[in-house]
Structures are given as C-alpha cells and as structure tokens.
Amino acid sequence: MGERSVLLEGLRAYRLIAGMWVRSSMTYRTSFVVTVFGNLLVTGLDFVGILLMFSQVDSLGGWSLPEIAFLYGLSVTAFGIADLVLGSMDVLGARMRDGSFDILLVRPAPVLAQVGADRFALRRLGRITQGAVVLGWALASVDVDWSAPKALLVPVMVVSGAAIFSAVFVAGAAFQIFAQDAAEVQNAFTYGGTTLLQYPPTVFGKDLVRGVTFMLPLAFVNWVPAAYVLGRPYPVELPGWAAFTSPLVAVACCALAGMAWRVGLRSYRSTGS
C-alpha cells in the first residue's frame, strides 16, 4: 500500500507541475504553434536525410525505404513520447551545480516527479507527430503479410519503446547524480539511441548489435520485433519468441532504472551552493 500511495502521489505531483508549465506555454498561443511547427520541421530533417540517401541507392543494408521508414517511425514516436514525459531529466546536472536540486529534496513531493515534470514542454509534440506521420506512411507502403500478432506488435513497440527510453532517461539522471553532471553521456544514449535505431541493424557491426541487444537493450524498441514483422533475419541469433518480449524488457529496464535512481538519491551530496 505504501508503494502505491507513493506512486499516486508522484503522478499527482507530476500532473500539477506539468500542468503549470502547459498553462505557461499556452499563454502565447501563436508562439506555441510556431514552436511546435518548428520542432516538427527540425526533427523531420533526419528523415529528409534518409530520403536523400535513397535518391542515390535502392536499399540500405538490404532494407527498402518503407522498411527503414517503419524503423524510423517506431523509434522517433517512442522516443518522442519519452522525451515529452521525461525529457527534462538532462538538466539535472545544471540543477546540482547551481544548488537548486536541493530545493526539490525538501519539497513534499517525490523528487523524480518534480525533475521529470520540470520545464514540461508541449513543443515536443512536434517530434511525436512527425514520427507518427512517417510510421503511418510506412505501414501503408511496406510489403508485409499482416497477421493479428504482427498488427498487435506495432502499438506494443511504441508503448514498450517509450517505456525503455524513459528508463534510459531516469538511469541517465541517476548517473548524473554520481558524476555530478555528465548530461552529454546521458544524451549519447537517449538522442544517440533513437538515431541508431532509425537505421537497420545490418549496417552496423555485430558487436554493436549484440551490445544494444543484451547489454543496453534498445534493440527491443524496434529492431527485434520489427525484424519479425517485416520477415527479416536478425543479425544476432535469437529465439522466435524474443520478438514479443519488448514489454518484459521495458518492465525490467524501468525496475532497474528505479533502483538506480533511489541509489543515486541516497548517495547525493549537496554542492553547498
């Protein structure tokens, strides 16, 4: 019951803080719309780069444009949701340096909820929208013999992928507590991770593919289940049922990230600023 009450308290605190930032951003609605549209265009440049690449080649690593668009849409949409919910975690290092993190520790609300909702930015909806549009086009264009399990895997990949990226955000924030910043390290695994997953695993070395499959399981955001949906062989040998384990991987990642966060908080030492 204690864990449940803490969870509910955290969700309530997150909702209140995020709501405050939403109301603030909606004060100037025209500016908000322009910012969202600009965010959509900027994030879309990644896919423009892929389109330019395919103007010179017919396939990349043996994957066609609709297949890579499928990977791209899944990665960007899942990451966009995590970035919307917890994207402010990367400013934790700055808060520790200026001493404002100490203020969060004495407030009567879970610290993770406060950090996650800090500077909640609806402009990040642009990334989600752009990823969803590409994903929709990919689903309409890709050559797949659809079945119920394959169709079900698409929303499962988006939700599980968002949870996995969220866990990486939280684990990265915990690392920042130990390292007294290192936001760039966190960004290498979050923003770098979503960029990595936009391309097929066949263009990378097997050691890298093994690393993001067994060590930092970002491959379960889209690579592993998408290979099953598209009927593509995965570079690393896995059992067939592995394509359906993304939710279990997401739960495990969230549990480990939660543990890392609690350990990080206990080890925090104020800068005295």
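The expected span of a helix is taken as 1.5 Å times one less than its number of residues, and helices are DSSP runs (H or I, at least four residues) numbered from the N terminus. The structure is a predicted model, in which local features need pLDDT of at least 70, side-chain atom pairs count only at pLDDT 80 or more, and totals for chains, interfaces and linings use all residues. Residues are numbered from 1 along each chain as its sequence is written, and side-chain values use heavy atoms, with hydrogens and water left out.

Helix H9 (183-196) contains 14 residues, and the distance from its first C-alpha to its last is 19 Å, close to the expected 20 Å. Its buried residues (under 20% relative accessible area, with exposed meaning over 50% and partly exposed in between; 1.4 Å probe, protein chains only) are Ala 183, Gln 186, Thr 190, Gly 193, Thr 194 and Leu 196. These buried residues of H9 pack, by contact (heavy atoms within 4.5 Å), against H3, H8, helix H10 (206-215) and helix H11 (223-230). Glu 184, also in helix H9, counts as exposed because its relative accessibility is 60%. The C-alpha atoms of Glu 184 and Gly 172 are 9.7 Å apart in space, with the two residues 12 apart in sequence.

For helix H12 (246-267), a span of 32 Å is expected from its 22 residues, and the 31 Å between its end C-alpha atoms agrees with that value. The buried residues of H12 are Ser 246, Val 249, Ala 250, Cys 253, Ala 257, Gly 258, Trp 261 and Gly 264. They pack against helix H4 (92-98), H6, H8 and H11.

The largest nonpolar core (a set of buried Ala, Val, Leu, Ile, Met, Phe, Trp, Tyr and Cys residues joined through side-chain atoms within 4.5 Å) comprises 66 residues, among which Phe 70, Trp 223 and Trp 261 touch the most other members. Helix H8 (residues 148-179) makes the greatest contribution to this core, namely 13 residues. When residues up to four places away in sequence are not counted, Phe 70 touches Leu 135, Ala 138, Leu 139, Val 154, Met 157, Ala 226, Val 229 and Leu 230. A second core, separate from this one, has 11 residues, including Tyr 14, Phe 32, Ala 113 and Ile 128. In soluble globular proteins, nonpolar side chains tend to be buried together.

Two further positions in helix H8 were examined. Ser 160 lies in this helix and is classed as buried because its relative accessible area is 5%. Beyond residues up to four places away in sequence, Ser 160 touches Ser 246, Pro 247 and Ala 250. Pro 149 is likewise placed in helix H8, but it counts as partly exposed, with 35% relative accessibility. With the same sequence exclusion of up to four places, Pro 149 touches Tyr 228 and Phe 244. The C-alpha atoms of Pro 149 and Val 229 are separated by 8.7 Å, although the residues are 80 apart along the chain.

Pockets were identified on a 1 Å grid over the protein atoms alone, a pocket being an open set of points where a 1.4 Å probe fits, with protein on both sides within 12 Å along at least five of seven lines; lining residues have an atom within 4 Å of a point. A volume is the space filled by probe spheres set on the points, which are joined across faces, edges and corners. The largest pocket has a volume of about 940 Å³. Its lining consists of 26 residues, and those nearest its centre are Leu 7, Leu 112, Ala 113, Val 170 and Gly 258. At least two lining residues are supplied by each of helix H1 (2-25), helix H3 (65-86), helix H6 (111-117), H8 and H12, with the largest share, 7 residues, coming from H12. By class (Ala, Val, Leu, Ile, Met, Phe, Trp, Tyr, Cys and Pro nonpolar; Asp, Glu, Lys and Arg charged; the others, Gly among them, polar), this lining has 21 nonpolar, 3 polar and 2 charged residues.

The second largest pocket holds about 320 Å³ of space. It is lined by 15 residues, of which Ala 167, Val 168, Ala 171, Gly 172 and Leu 216 are the closest to its centre. H8, H9 and H12 each supply at least two residues of this lining, and H8 gives the largest share, 6 residues. The lining of the second largest pocket includes 13 nonpolar and 2 polar residues, and no charged ones.

In the loop between H6 and helix H7 (125-141) lies Arg 119. The phi angle of Arg 119 is near 55°, a positive value in a residue other than glycine.
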